There are 2 protein chains.
Amino acid sequence: MRKAPEERRQEIVAAAARIGLTEGLERITLRRVADDLGVRSGLVGHYFPTAEDLVTEAFTSAAAGELDALLPETAGDRSRGSAVRVLQNFLARLSGPVFDDVSRLWLNARHLSRYRPVLNEGVVRQELLWCRRVEQVIAAGVAQGSFRCEDPWEAAVRVIAVLDGVNSYTNTSAQQRSAPLIDMVRTFTEAELGLPRDALLPHGPAADGSDREPRPADR
Amino acid sequence: MRKAPEERRQEIVAAAARIGLTEGLERITLRRVADDLGVRSGLVGHYFPTAEDLVTEAFTSAAAGELDALLPETAGDRSRGSAVRVLQNFLARLSGPVFDDVSRLWLNARHLSRYRPVLNEGVVRQELLWCRRVEQVIAAGVAQGSFRCEDPWEAAVRVIAVLDGVNSYTNTSAQQRSAPLIDMVRTFTEAELGLPRDALLPHGPAADGSDREPRPADR
DNA sequence: AGGTCTATTGAGCGCGTGAACAATAATTCT
DNA sequence: AGAATTATTGTTCACGCGCTCAATAGACCT
């Protein structure tokens, strides 16, 4: 039962992140995490003297992990493939229902940040990290001659803003809005980067535009 | 001290709405509202046997009141002025810091809806109401020949989505994103409605395009 | 083997919450 | 005027929360 401090700590954060991602950050309590791990709540309190620190670390772990899955750190590196393909994959993954939990998590974290300054700091850091990662991909695409874009940073911020807007309704009226919003992030990104329509469709045209796949227009 | 039931009920909802708008919906508790009104918590519980109903009604009151202030019900009526002017005023009011509380409220409500089914229903109703109100203005503008737009409903949903996206960061990194986002809602709306650049600037060009006011381009 | 360190326990405190309910006082009806 | 109604009070309950802390027990070192 007794484990090395570092291992136990990671175990606690992992359990907390799982709870935060699937059930909400306010469900991360000392007792709840302890129960999931089969230990006493006092132990969790031993590793995280203030609960807010645990919540913050749990969110950071979940958000950073998801970003790495969506846009690996080396995604901007041109040796890993064209920026167009990277964005295609990125946008494709956003549509899946698995991303709903992530949307909920961001909504959760952004609201909870209103009351929790430590969490607030962590959320801001992750928000900027996500934008910066997208910015790198856009900058790489501009360098490759695939995108036309004055300011990659501003484009990235705007694309993420549309993404967050579309995902605002996961808990509420997502169903009623699906038709107008289903392709909005991709369409907006294409316009922002000076790309032809449907250029960012998954498995659509690559940088050379060779394998174009027809699709009905959505607007 | 003793008041007519209807009056007392409205008083309670008004107090709860004020708390929800300024301090957050989870600060609406029986005791808190009772304290603000100088009564006992049992009384509030008498009017709202379950607290969730009070929170829901408080949110509904605040959201509906704000919508009426932003886009009066008759805004779509062409007798009240051009749709262009109505949208100009609407967009102008969104920029003010007074709207920050409203953004926070929406964020709050959308997250809390994850756990509270009754609130969820109320939030969905308000979300659709806001979209429908914008849709009416757009439809009026199309009828006036001011806008070019295939589907007013879809356009409204998309405009509101961008609005919600931009306002997602009021609690967190709003400061760091201000530059790329400051005019994004207006710019997107102009594009969505087939309007020339800056056509929706406050006190900008009316439908006839007579009183155009120069402004530096923002993109 | 004995001693030291510390991960882990177990129990408890104070707080704020939603909810319940009998008692009370003001209003209204007959 | 008297009775019925009900708005309002005052109190209490059980719950889950973060947090504290002395006691325990497992691991490592000499």
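This section describes how the two protein chains of a predicted model meet each other and how they meet two DNA strands.

The relation between the two copies was examined by superposition. Chain A can be laid on chain B by a turn of 180° with a shift of 0.0 Å along the axis, and the RMSD is 0.0 Å. This is the relation of a two-fold axis. Gly165(A) is the residue of chain A that comes closest to the rotation axis, its C-alpha lying at 1.7 Å.

The contact between the chains draws 46 residues from chain A and 46 residues from chain B. Because 100% of the interface residues of chain A are also interface residues in chain B, the copies meet through the same surface. About 3,900 Å² is buried between chain A and chain B, and carbon and sulfur atoms give 57% of this area. Between the two chains, 22 residue pairs are in polar contact, with both residues at pLDDT 80 or more. On the side of chain A that touches chain B, two or more residues each come from helix 1 (5-23), helix 6 (98-112), helix 7 (117-143), helix 8 (152-166), helix 9 (174-181) and helix 10 (184-192) of chain A. Helix 8 of chain A gives the most to this side, with nine residues. By class, the residues of chain A that touch chain B comprise 19 nonpolar, 13 polar and 14 charged.

Charged pairs were then considered. Side chains of opposite charge can pair when their charged atoms come close. Over all chains, the count comes to 34 salt bridges, and two salt bridges are found across the interface of chain A and chain B. Glu127(A) and Arg177(B) meet through their side chains in a salt bridge, with an N to O distance of 3.6 Å. A salt bridge also joins the side chains of Arg177(A) and Glu127(B), at 3.5 Å from N to O. Arg177(A) lies in helix 9 of chain A and Glu127(B) in helix 7 (residues 117-144) of chain B, so this pair joins two chains.

Turning to the nucleic acid, DNA strand C is surrounded by 20 residues, of which the closest are Lys3(A), Arg8(A), Arg40(A), Arg2(B) and Ala51(B). Of the atoms of DNA strand C that come within 4 Å of the protein, sugar and phosphate account for 64%. Both side chains and backbone take part in individual polar approaches to this strand. An N or O atom in the side chain of Arg40(A) is 2.9 Å from a phosphate oxygen of DNA strand C, whereas Pro49(B) places a backbone N or O atom 3.3 Å from a phosphate oxygen of that strand. A polar side-chain atom of Arg2(A) lies 3.2 Å from a sugar or linking oxygen of DNA strand C. At least two residues of the surface near DNA strand C are supplied by each of helix 1 and helix 3 (41-47) of chain A and helix 2 (30-37) of chain B. Helix 3 of chain A provides the largest share of this surface, four residues. The surface near DNA strand C has nine nonpolar, four polar and seven charged residues.

DNA strand D has 19 residues around it, and Arg2(A), Arg31(A), Ala51(A), Lys3(B) and Arg40(B) come nearest. Sugar or phosphate holds 66% of the atoms of DNA strand D within 4 Å of the protein, and the rest belong to bases. Several backbone atoms approach phosphate oxygens of DNA strand D. A polar backbone atom of Ala51(A) is 2.7 Å from a phosphate oxygen, a polar backbone atom of Met1(B) is 3.3 Å from a phosphate oxygen, and a backbone N or O atom of Pro49(A) lies 3.4 Å from a phosphate oxygen. The elements giving two or more residues to the surface near DNA strand D are helix 2 (30-37) of chain A, together with helix 1 (5-23) and helix 3 (41-47) of chain B. Helix 3 of chain B gives the most to this surface, with four residues. Nine nonpolar, four polar and six charged residues make up the surface near DNA strand D.

Definitions and conventions. Residues numbered from 1 in each chain as written. Chains lettered and ligands numbered in written order. Predicted model: local features only at pLDDT ≥ 70, side-chain atom pairs only at ≥ 80, totals over all residues. Heavy atoms only, no water. Contact = heavy atoms within 4.5 Å. Buried area = accessible area lost by both parts, 1.4 Å probe. Salt bridge = Lys/Arg side-chain N within 4 Å of Asp/Glu carboxyl O. Polar contact = N/O pair within 3.5 Å; in protein donor to acceptor, adjacent residues only side chain to side chain. Nonpolar A, V, L, I, M, F, W, Y, C, P; charged D, E, K, R; others polar. Near = heavy atom within 4 Å. Least-squares fit on C-alpha atoms with pLDDT ≥ 70 in both.
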